[in-house]
Every structure is written in C-alpha cells, then in structure tokens.
Amino acid sequence: MIPKSGNRFFGSDHEQNQMTGVKILSPKGAITPTGTWSLGARAGDFIFVAGMRGIEPSSNTMLEGDEARIWQAFTNMKTIANSAGASLADCVRLVVYVTDMARLRPLVNKVQEELWAGGPYPPRTILQVSALNQNDIFEVEGTFHAPKKAGTQG
Amino acid sequence: MIPKSGNRFFGSDHEQNQMTGVKILSPKGAITPTGTWSLGARAGDFIFVAGMRGIEPSSNTMLEGDEARIWQAFTNMKTIANSAGASLADCVRLVVYVTDMARLRPLVNKVQEELWAGGPYPPRTILQVSALNQNDIFEVEGTFHAPKKAGTQG
Amino acid sequence: MIPKSGNRFFGSDHEQNQMTGVKILSPKGAITPTGTWSLGARAGDFIFVAGMRGIEPSSNTMLEGDEARIWQAFTNMKTIANSAGASLADCVRLVVYVTDMARLRPLVNKVQEELWAGGPYPPRTILQVSALNQNDIFEVEGTFHAPKKAGTQG
C-alpha cells in the first residue's frame, strides 16, 4: 500500500509486490493453479507453499490411489520449496489435512518416512476436515526456511 | 532479530513480550475481539492476522449474504495488515475456511479477483470445516511481510 | 540438533538443514512424538510448534476431562516454546481446533485467561473440525517469536 522506494528486486510484472520483496513462486515442473492463488511465496528467509494435493503436474489432474496422491502432494510441495532453495529438511511447519484420519494417517507416516529418509521430521499438525477441493482426500501445507545467499537478491 | 532496548510499549505484565518485540495490533476501524484473542501481531518483518469473518466493524455484527461476508472478512484482514504497513500484495500465506466448498469457493475466487485486482495472488489453502464460530460460513487467516522501515521502531 | 559448521550445501542426509539453521526441538519434559513428526523447530527468530493435544508427558497418554486436556495441550506447547527461549507472551499466532465449538470454545477462553494472565492474547483462529488424532477434542498449534541472543548459536 505504501510505496517503498529503492530496492527493486524483480521484473516489471509484479511491481507492487517487488517493492516489499515478496516473491511469488511459479517454478517449472509444478502444478498449475486453477483459481485466485499462487503456488508459493518467498519473503525474507521463509518460503510459504500453498496447500498441495495429489495433482500430477504434466496433466494437472488428480492421481488415482490414496498413497499415490499423498506422495504426489508432498512431491509438489517439494518442487516449489526446491525452486526457492529449500529442501524437505528445511521444512519448519506442516499442516496435513485428511478426510479420514484412521485410513490416511498411517499412509502419511509411511510416505513421510520415505521422503524424509527416516527423519528428523518437521513439526506437524494433522486434522480431519469435512472436505477438500475436488473431493480430494489429502492436502498438505508447508513452510520452509532457507536464508538467501549472500550476494544474491530476491 | 536485534534486541530492542528501551521501547517499552506495554505495562509491566508483559515484560518479556516487550523485550522480544512482539507488537499486538489493535487498529482503529477494525472489529472488536470478543474473547481471548487479539486481531494481529507484528514480529520482525512478519504480520500475523487472526482469522477474520464477515463482521461489520461499526456494529461488530455479522453481515447478511455470502458474498458480503466474504468481502468483509478480507477487508477486516486488510485493515489490520494495513495498520502494520502491509498491503494485500504483501500477503505470503492465506488459509480459507468455508462450510460449503461447492457454494463458497467460487465466491471466494470472485472476491479475491476484485481485491487483488487480477493478481498476483498469495499462496492459499482452502478447506471445508464442520463449523466456524457463530455458525459463520467463511473465515480467512493471513500472514503478511512488511519490513520495518529503517529508523523506525516496533 | 547437530552443530552448524562450515558452509556446505548438500551433504549427507540433513546437511542442508544444519546449514540453514533449522533446529529441531525435543526438550525434556515434553511429550513424545508417535509418528513422523517433531515437537517443534526454530528457524531464524521464529519457533514453530506442532499441534499439541491434552497428552500428559510422563505417561504420554491423553488426560480425562475437557478442561484438563485443553490446559495440558497449551502447557505442552508452552514447554516446547520455553525450551527455545519463548514465553506465551511471545506467541504471534494460534490456531485452535475443536470438535465442538459450542461446548469447547468457552473452556478455551477460560484456560487462556489463566495462562496469559489476562492478556494481551495472541491472534487466534478457532475452527470446528471433523476429527483429531485419537478422537481427541482439542488441538492447538502455535508460532512464537524469540530473537536469538547475540553471541549464541542455533
């Protein structure tokens, strides 16, 4: 709202947000948002990734199978975090939303064991909600920490 | 970040809070909390806003109408963010809670298009939950990034 | 977790994690995670605590009684935050999940009044979800801000 002079990090597409240094992430290989949202944002040393589901990026459609969807959702999150210099080990916060705690929590644990290679794991909150978009069964939201390298910008 | 000496904003009850620089936000024109919560907080370069609903600030009561409520909720969030120097373009994370995904998600998209003026949009997670306070139908929680200006405090 | 030295990017499993300074928290006196998650993490000046429920640390089992569980959940969160140098007054964001808004929200307010000693309170979002792990009735997720002291690491 208040123009911040100087300090222009990005190209001309996103002038207002450039001024304050919020960088919207839209990496290659990630899914395509179908609504009024972006995949992720970096601000300072933190990276905020939108809730990810089991959408296969090349077709932008939901996978079949609980475990495949959960794996894909985490992988989609990872793709976005990676694009901003963060690995899964840089995750500081996960919120996992499922539509069936009893059936899906064990699968979430199994997939995380594989992806985090035995740990350590990030702090996690897991919740059973009434519904997700497209009647999906799993969604994960992650926050990451990856200090900007000295001498680089954005 | 940097210890802030002096600079005591509050009474003696919250000494540690002052020391670390968490600043509670309670701007004019915002709604009035009716419980054990505050509207927002700034810490470092980040601003955390409490879940906002379609409460009209002058009467502190819920508006009628889905779209009106959604618009008001985002506007309430914006008022609080603005008070700490952040605009909607400085939003790094949104979580949207609805009680009916099919009916309300299109309205959320519509209102965001207007408020963000075509984008870019922040990362968003949208969830259908069982219920909100006062049987409301929409709530939004946002996090913002707005570096403190050099030479200012708090 | 592991001391931070040198300046390596991608080494053995959690090298980057050490590098970027995400510190996983596992303080004495806290509950024991039973899955692929950690209790909390510090990154920069922020502390992210996993969703806490009314688990009694010495037995790692759920307490009986709504109010006792809510009090214990907040206390578990506090233990973890304290271990990283944050008090309840340093909390910048709370999300409270209940399975019955009408019955539990007043109890949450009551417990917070006691724990925060009359306020000010952090920004809070309260939601009624379908279910929590172990069919629990209350869970709270908190984020805290506590600048690292000069001359210390991690």
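Is B:Trp116 buried or exposed? In this predicted model, B:Trp116 turns out to be buried, since its relative accessible area of 7% falls under the 20% cut-off. The ring of B:Trp116 also has a partner: together with B:Phe74 it makes an edge-to-face aromatic pair, with 5.7 Å from centre to centre and 85 degrees between the planes. B:Phe74 sits in helix H2 of chain B, while B:Trp116 belongs to the loop that runs between helix H3 (101-115) and strand S7 (124-128), so the pair ties together parts of chain B that are 42 residues apart in sequence. B:Phe74 is buried too, with a relative accessible area of 0%.

Chain C offers another pair to look at. There, the ring centres of C:Phe74 and C:Phe138 are 5.5 Å apart and the planes meet at 50 degrees, so this pair counts as tilted. C:Phe74 comes from helix H2 (residues 66-83) of chain C and C:Phe138 from strand S9 (residues 138-145), so here the parts tied together are 64 residues apart in sequence. C:Phe74 counts as buried, at 0% relative accessibility, and C:Phe138 is buried as well, with a relative accessible area of 1%. Over all chains, the structure holds 12 aromatic pairs.

Back in chain B, helix H2 (residues 66-83) also carries B:Gln72. This glutamine has a relative accessibility of 9%, so it counts as buried. Setting aside neighbours within four places in sequence, B:Gln72 touches a run of residues made up of B:Arg53, B:Gly54, B:Ile55, B:Glu56 and B:Pro57, and B:Leu63 besides.

As for the fold, chain A has 3 helices and 9 strands. Read from the N terminus, its elements go α-β-β-β-β-β-α-β-α-β-β-β. Of the 154 residues in chain A, 58% are buried. Among contacts in chain A with a separation of 6 or more, 64% are between residues 24 or more positions apart.

How are the copies arranged? A turn of 120 degrees, with a shift of 0.0 Å along the axis, lays chain C on chain B with an RMSD of 0.0 Å. The two copies are thus related as by a three-fold rotation axis. The copies use different surfaces, with 15% of the contact residues of chain C recurring in chain B. Within chain C, the residue that comes closest to the rotation axis is C:Val129, whose C-alpha is 3.1 Å away.

Then there are the internal spaces. The model has 5 cavities of 30 Å³ or more, and the largest has a volume of about 120 Å³. Residues from chains A, B and C line this largest cavity: A:Phe46, A:Phe48, A:Arg93 and A:Thr143, along with B:Phe46, B:Phe48, B:Arg93 and B:Thr143, and finally C:Phe46, C:Phe48, C:Arg93 and C:Thr143. By class, the lining has 6 nonpolar, 3 polar and 3 charged residues. Strand S3 (46-49) of chain A, strand S3 (46-49) of chain B and strand S3 (46-49) of chain C each supply at least two residues of the lining. The phenylalanines in the lining also turn up in another role: A:Phe46, A:Phe48, B:Phe46, B:Phe48, C:Phe46 and C:Phe48 form one aromatic cluster.

Note on methods: Residues are numbered from 1 along each chain as its sequence is written. Chains are lettered from A and ligands numbered from 1 in the order in which they are written. This is a predicted model: local features need pLDDT of at least 70, side-chain atom pairs count only at pLDDT 80 or more; totals for chains, interfaces and linings use all residues. Side-chain values use heavy atoms; hydrogens and water are left out. Copies are superposed by least squares on the C-alpha atoms of residues with pLDDT of at least 70 in both. Contact means heavy atoms within 4.5 Å. On a 1 Å grid over the protein atoms alone, a cavity is a set of points where a 1.4 Å probe fits but cannot get out, and a pocket is an open set with protein on both sides within 12 Å along at least five of seven lines; lining residues have an atom within 4 Å of a point. Grid points are joined across faces, edges and corners, and a volume is the space filled by probe spheres set on the points. Helices (H or I, at least four residues) and strands (E, at least two) are DSSP runs, numbered from the N terminus. Ala, Val, Leu, Ile, Met, Phe, Trp, Tyr, Cys and Pro count as nonpolar, Asp, Glu, Lys and Arg as charged, and the others, Gly among them, as polar. Buried means under 20% relative accessible area, exposed over 50%, partly exposed in between (1.4 Å probe, protein chains only). Rings of Phe, Tyr and Trp (its six-membered ring) pair if their centres lie within 6.5 Å; planes under 30 degrees apart count as stacked, over 60 as edge-to-face and the rest as tilted.
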